[in-house]
Each structure stands twice: as C-alpha cells, then as structure tokens.
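Student: Please take a close look at one chain of this model. I would like its overall build, its contact with the partner chain, and a few local details.

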Amino acid sequence: MPFHWLILILIALGAAGYLAGRKRALASADGDVRQLHSLPAYYGWNVVISTLVPALGALVLWLVLQPLLIENRVSNLLPQELIPEGSSAGLVMSDVRRLATGLDKAVAENVLTAQQANSMRPELSDIRARLGEVGVALGSDVRPEVMRAAQAYRRATASGTRLMGFCVLGLAIIGLVLSVSRTSRDFWARNAVERAVMALLIAAASIAILTTLGIVLSMLFETRNFFSLHSWTDFFFGTTWAPNFRGDSELSILPLLWGTLYISFIALAVAVPIGLFAAIYLSEYAGKATRSFAKPLLEILAGIPTIVYGLFALLTVGPMLVNFFGRGSDGVLGVDWMAGATSVLTAGVVMGIMLIPFVSSLSDDIISAVPQSLRDGSFGLGATRSETIRQVVLPAALPGIVGAILLAASRAIGETMIVVMGAGAIAKFSLNPLESMTTITTRIVSQLTGDTDFASPETLVAFALGLTLFVLTLGLNILALYIVRRYREQYE
Amino acid sequence: MNDMSRLAGSAIDVETPKILARNVNVFYGDTHAIRDVNVDIANNTVTAFIGPSGCGKSTFLRCLNRMNDTIDSCRVTGSMRLDGEDIYDKRVDPVQLRAKVGMVFQKPNPFPKSIFDNVAYGPKIHGLARSKSDLEEIVERALRRGALWDEVKDRLHAPGTGLSGGQQQRLCIARAVATEPEVLLMDEPCSALDPIATAQVEELIDELRRNFSVVIVTHSMQQAARVSQNTAFFHLGQLVEFGETGQIFTNPEDPRTESYITGRIG
C-alpha cells in the first residue's frame with residue numbers, strides 16, 4: 001500500500017472518529033448538550049486523539065527502525081571478501097541501496113516486471129543497461145552477490161512496509177473502536193483532551209532539551225576520540241597552536257582562548273558603556289516620540305547578519321585603524337604599529353558595535369522594570385535626574401544589567417564571522433591589540449573546512465574546542481540567568 | 001465619638017499661611033482635572049485633603065512640589081506661593097523646591113539600599129552633612145522623628161526593603177524628614193498599612209506638626225478627623241469646602257460635604 005494512501009486513510013479514520021464520537025456522546029444524552037460532562041466537540045477530539053496518536057507514533061517509530069533492521073540483516077548476506085581493500089561495508093551497502101531503488105524505479109516505469117526484478121540474475125542479463133534506460137546510473141557492473149542482496153533488500157522492505165500498513169491501520173482502528181465505545185455522557189472527555197494537550201506541550205519542551213543533550217553527547221564522543229589520539233595535557237596546558245598533517249601537531253587551546261577572551265574583552269569595553277548609556281537615555285530621558293523610533297532603529301542593528309559586520313571590519317574599520325596606527329609617516333599618527341587590517345582591535349571594535357543593541361535592549365527592559373515609585377521617591381527628596389539614575393535606578397537594576405552583560409559576553413565568545421574576517425589567523429599570546437590573533441571559533445572553522453579526515457587529531461580537535469566553548473558559554477549563561485532571577489525576586 | 005472630642009481640643013496657629021494657592025487649574029491634555037482651587041496651608045498644622053476617588057486631591061497635592069512636571073501632558077495655571085514666592089516661576093528649580101517640600105507616597109518605596117543609606121540619601125545629595133559623624137547624627141535624628149530608631153538601631157545596615165510594611169512607611173517618612181523640608185506632603189500614607197501601623201504613623205504625623213506643615217491626602221474620614229486641624233473637601237475637581245476640621249466634620253456649610261461625610265456620595 002503506498003504511503004500517501006496510508007496517511008489519507010488515517011485522516012479519514014480520524015474524521016470519521018470525530019463525527020462518531022460526537023454523535024455517540026449526543027445520543028447518550030438524548031441530544032441534550034447540558035446532560036453531557038463535556039461539550040460534544042471534546043468527545044470527537046478525544047476519539048481523534050486515541051485513533052491517530054498511537055497509529056502515528058507507531059508509524060514514525062517504524063519508519064526510523066525498519067531501515068536499520070533491514071540493513072543489518074542484508075549486510076550479513078554480503079560475503080566479507082566482497083569488500084575491497086581500503087573500503088568499508090558502508091560503501092557496498094550504499095551500492096545495494098542504489099540498486100534496490102533502481103529496481104523499484106524500473107518496475108514503476110514498466111521497464112521490468114515485478115517478477116523479473118525479483119528473479120533477474122546479473123550473470124544472464126545486462127542489468128546495468130536496463131537500469132540506465134530509466135535514468136539510474138550504476139558505477140560498475142553488478143556482481144551477483146550485490147544483486148542478491150539488493151533483491152533481499154527489496155523483499156524485506158516490501159514486506160516490512162506491508163506489515164507497517166497493517167499495524168498502523170490496526171492500531172488506528174483499535175483506538176477508534178475503544179474510544180468510541182468508551183464515549184458516553186459520563187465520560188470526562190474534556191479532561192482527556194486537556195491531558196493530551198499537556199502531553200503535546202511537554203513533548204515540545206523535551207525536544208528542545210533533548211536536542212541540547214544530543215549536541216553535547218555527539219561532541220563528547222568526538223572529543224573522547226580526540227583525547228585518545230592527542231594528550232589532554234598538551235590541549236589544556238600547552239602553549240602552542242601549530243597543526244600540521246605530519247602527525248606531530250601541537251594543539252593547545254590556551255593561545256586560542258587568550259585571543260577569544262582578549263577580543264571579547266575589547267568588544268565588551270566598546271559595547272557596555274555605549275549600550276548602557278543608550279539604554280539610560282532611552283528609558284529615562286527620551287520622550288515618547290524619540291523612543292518610539294530610536295529603539296527599533298537600534299534593534300535593527302541586532303538583525304544585521306554578522307557576515308555583514310565582518311565585511312565592515314575588513315573593508316572599513318580595519319583600513320581606518322591602519323590609517324591611524326600604521327603606514328609610518330603616511331599615517332595619521334605617524335607611527336608604524338599596525339601592519340595589516342586584521343587585528344584584535346578591528347574585530348573587537350566591530351564585535352562591540354554588534355553587541356550594542358544587545359546590551360542596550362536588555363538593559364532598557366531592565367531599567368524600565370525598576371518601579372516608578374522609586375524614581376518618585378527620589379525626585380520627591382529633591383534629587384535630580386542623574387542623581388536618581390546613579391544612586392537609585394542603576395543600583396536597583398544592577399543585577400539585571402550584569403546578567404545582560406554576561407549574556408553579551410557569551411555571544412562575544414561564540415561569535416565567529418566577525419573574527420574570521422577581522423581578527424586574523426595567527427595563534428599567539430600577545431598584549432598588543434594591533435596584532436592579528438585568532439580565536440577558538442575561527443580555528444574550529446578552519447579545522448573543519450576543506451579536505452578533512454575525521455580520524456586525525458587535527459580535525460577532531462575542533463570538537464574538543466567546540467565542547468570547551470560550549471562549556472564556557474553555558475557557564476556564563478547559567479551565571480547570567482542566576483543573577484537575573486535573583487534580581488526578579490526583589491520586586492515581587 | 002472619640003475622634004470628635006479629640007479634634008475639638010486641637011489648637012490652630014493663626015499665622016501667615018505657608019503655602020497660598022489661588023485660582024489653581026490643572027489640565028491633563030484636554031481634561032480639566034482641577035478647577036479654580038484656593039487653599040491656604042498654615043504653618044505647623046496638618047491639612048487633610050478628602051474627597052471621593054478621582055476628585056483631584058492627589059493631583060493638587062502633587063502640584064505643591066511640582067511632581068506633576070514629570071508628566072508631559074500636565075499643565076498648571078494660577079498662582080501658588082511658598083512663603084510668598086511663586087513656585088511655578090521660571091527661576092525656581094523644581095529640584096530645590098522638592099528639597100523644601102518633601103513627599104511621602106501611598107506605597108512605601110524604600111530604595112534597595114540599607115536603612116542608613118535610605119535616610120542618608122537626601123542629606124547626602126543636598127550636602128547637609130559636613131562629616132561622617134554629622135551624617136550619622138542626622139540619620140539618627142530623622143529615624144527618631146520617624147519613630148523607627150528603637151526598632152532599627154541595631155541593624156542600620158540591613159536592607160530597607162526587609163522591613164515590615166509599617167516600618168517601611170515610617171522609614172520613608174524618616175527619609176523625607178532627614179532633608180529638613182518645610183512642608184511635608186503625604187499621599188494616602190496609610191492606605192497600604194494595617195490598623196496598628198496606621199495608628200503609629202498617625203501618631204507620628206501629629207508629632208511632625210511641631211516642625212513642619214503637613215498636608216495629607218486620605219480616603220479615611222476618621223483619619224482626617226483624627227490627625228488634621230484643617231480639612232479641604234474636593235469633589236469633581238473643585239474645592240467644595242475648606243475650613244477647620246471640627247467645623248467641616250460637625251457643621252459643614254455645603255450640602256455636598258455633609259453628604260460625603262455621612263457616606264451618601266463617594
């Protein structure tokens with residue numbers, strides 16, 4: 001049975017279940033809605049839920065598990081000697097899958113009969129040419145073992161799909177019958193539907209959490225692989241970052257961490273004062289009209305893709321800084337401190353500009369949340385506006401502002417595009433902000449792009465770097481949330 | 001009635017008024033909130049503003065220290081003089097005015113600072129203390145006047161927000177008193193307090209009268225009768241009647257005042 005038919009039948013069953021549940025509920029109450037425990041529609045929805053949820057759940061599970069089981073069984077059919085040197089069982093299996101889909105397609109376009117497809121022997125017929133007719137190109141001549149495996153694959157898939165159809169429909173019908181038979185005027189259909197809604201919401205929430213867990217786990221596994229190839233003392237305590245593909249790379253996170261923290265520090269030094277002052281102006285001084293256009297305007301900055309900021313760093317800010325600090329006697333200051341456009345300062349300043357709306361928007365919300373009664377109290381004592389802000393509003397909002405700054409810091413640490421384009425690629429310890437440096441994120445990008453071999457420590461180090469970054473930003477976020485939450489408790 | 005016997009004995013200073021308001025009108029945008037109000041606030045007396053909700057008594061109170069300036073759409077006309085000086089004159093800095101005319105609000109609003117810093121806030125920004133010990137003295141005096149000293153003297157550096165509601169309101173009164181204002185405005189200072197805390201604050205108001213003129217807005221007629229010497233009754237933005245509290249409560253001239261006091265309107 002084709003898949004779309006299955007779905008259509010399920011939808012039809014659901015619709016029929018809705019009507020049946022509704023009708024039966026009404027009939028049990030002699031047509032008087034007030035005799036029912038719940039509104040008639042709830043009875044209908046209850047039947048729909050018990051019809052479709054188990055059936056669709058089984059469907060999804062089946063679709064995930066069936067290919068895994070079948071591949072496992074079919075790959076056992078393949079003899080070991082079939083796998084060529086330097087290749088893997090996976091490559092042969094992908095040949096099998098390709099052949100199987102080719103046969104499916106040939107049958108669908110009537111080039112082969114179903115009988116032929118199942119019994120065809122590659123020794124006797126030119127399967128490659130026949131499949132070529134329907135547009136399925138095979139790399140080499142088909143070997144009999146592969147052909148037999150493909151045929152077994154097709155058979156297993158077909159029977160599995162048929163079984164899936166029966167199981168899913170069976171579950172749907174059982175659910176339908178059971179829930180319709182349970183429908184009566186004393187049945188608490190509304191509560192049942194409410195529980196289903198809650199389950200749906202819980203499922204959505206757990207997907208978000210499970211995804212985070214999945215990300216962490218996948219990184220953990222690759223990181224473990226990395227540490228089995230490379231010593232962890234070098235990674236955490238070494239001082240040099242020098243990957244090469246000769247096998248004696250020095251892969252230490254410290255120079256990268258230094259670059260990351262230095263650039264983030266400059267970014268925050270730019271973003272925090274400007275963002276905070278902007279937030280104070282917007283929330284305390286600006287009139288309604290100014291606020292209504294200035295705030296969205298500032299927040300537009302947050303919507304600019306970071307690659308655009310990267311371009312800005314590379315083409316505008318970098319050359320401008322070189323003009324100031326470089327070019328010897330041709331420069332503005334007549335010094336030659338800066339060689340190229342990429343530097344810690346370039347990336348830091350541009351990243352700071354990117355973070356301004358982040359800091360200002362969050363701080364503005366937090367400052368606006370300080371109760372007006374505190375401002376009135378201060379004004380009532382004869383304090384001026386700036387005295388009120390400095391001594392009453394800001395201290396009250398401080399925990400929230402610190403939280404906002406920490407969130408901005410974790411964005412700065414994780415930021416990639418601006419540093420890829422603005423900071424350079426040299427890993428080193430230096431205090432000079434006019435030199436090129438590199439960060440954890442840019443090294444992850446460079447280790448994973450291009451021709452990579454996922455078994456070498458030079459590639460796997462990216463996962464260790466990524467995990468470190470994840471732990472770092474997670475720690476900052478938790479700290480920020482903790483501080484913000486403590487602040488919230490103060491005014492309730 | 002106990003309240004009535006008390007107010008019969010309270011003496012009234014007959015001096016030049018501290019604040020003299022003439023033909024005051026207040027507009028919020030197009031709304032005419034206060035119409036032609038004339039009130040004299042006497043020295044060393046408690047003046048109560050009573051009236052049903054929305055009658056403009058709080059608005060008028062907030063005009064006395066120009067707190068309405070913070071509202072953009074608000075416009076005030078007429079003359080309002082503090083010691084003969086027009087407080088709406090362009091040369092008057094509202095910030096300085098508010099140092100002279102302190103205010104206590106409906107809900108206790110201690111700053112998120114220590115008890116000491118809450119009280120020291122005003123003296124610090126106005127430079128009233130010459131030294132640290134001077135400041136400590138000012139804080140102690142203010143807290144004593146606020147009838148809070150004995151309760152908090154051992155924990156001056158605990159946060160002000162940790163006090164009970166009644167204590168917080170007395171802290172706010174102490175805070176207002178610490179800047180040595182000449183007039184103290186109180187906008188329903190007891191509406192968020194329980195009866196015991198209310199009684200303490202009322203007693204305090206009577207004490208404060210010795211040093212300041214107090215203007216209090218209240219919804220409770222018993223409270224007005226208990227603490228005030230003069231009472232102004234507002235209705236629909238107009239000042240209906242203004243006079244000695246005893247007079248207003250026992251023998252009102254205007255039938256509307258009588259209706260309100262006896263509970264027929266409001």
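Tutor: Here is chain B, from the whole chain down to single residues.

This is a predicted model: local features need pLDDT of at least 70, side-chain atom pairs count only at pLDDT 80 or more, and totals for chains, interfaces and linings use all residues. Residues are numbered from 1 along each chain as its sequence is written, chains are lettered from A and ligands numbered from 1 in the order in which they are written, and side-chain values use heavy atoms, leaving out hydrogens and water.

Start with the fold. Chain B has eleven helices and ten strands; these are DSSP runs numbered from the N terminus, helices being H or I with at least four residues and strands E with at least two. The radius of gyration of chain B is 18 Å, close to the 18 Å of the globule rule for 266 residues, so chain B is as compact as a globular protein of that length. That radius is taken over C-alpha atoms, and the rule is 2.2 Å times the number of residues to the power 0.38. Along the principal axes, the C-alpha atoms fill a box of roughly 55 × 45 × 35 Å.

Now burial. In chain B, 55% of the 266 residues count as buried (under 20% relative accessible area, with exposed over 50% and partly exposed in between; 1.4 Å probe, protein chains only). Contact means heavy atoms within 4.5 Å. Of the chain B contacts with a separation of 6 or more, 67% join residues 24 or more positions apart.

Next, the partner. Chain A gives 17 residues to the contact and chain B gives 21 residues. The two chains bury about 1600 Å² between them, 63% of it on carbon and sulfur atoms. On the chain A side, Gly380(A), Leu381(A) and Gln391(A) lose the most area to chain B, together 35% of what that side buries. Buried area here is the accessible area (1.4 Å probe) that two parts lose on being put together, summed over both.

Two residues of chain B show local detail. Thr59(B) sits in helix H2 (residues 57-63). Thr59(B) is buried, with a relative accessible area of 12%. Beyond its neighbours within four places in sequence, Thr59(B) is in contact with Val26(B), Tyr28(B), Ile34(B) and Asn68(B).

Ser114(B) lies in the loop between strand E6 (101-104) and helix H4 (115-125). Ser114(B) is buried too, at 10% relative accessibility. With neighbours within four places in sequence left aside, Ser114(B) is in contact with Leu156(B), His157(B), Ala158(B), Pro159(B) and Gly160(B). The C-alpha atoms of Ser114(B) and Arg155(B) are separated by 8.9 Å, though the two lie 41 residues apart along the chain.
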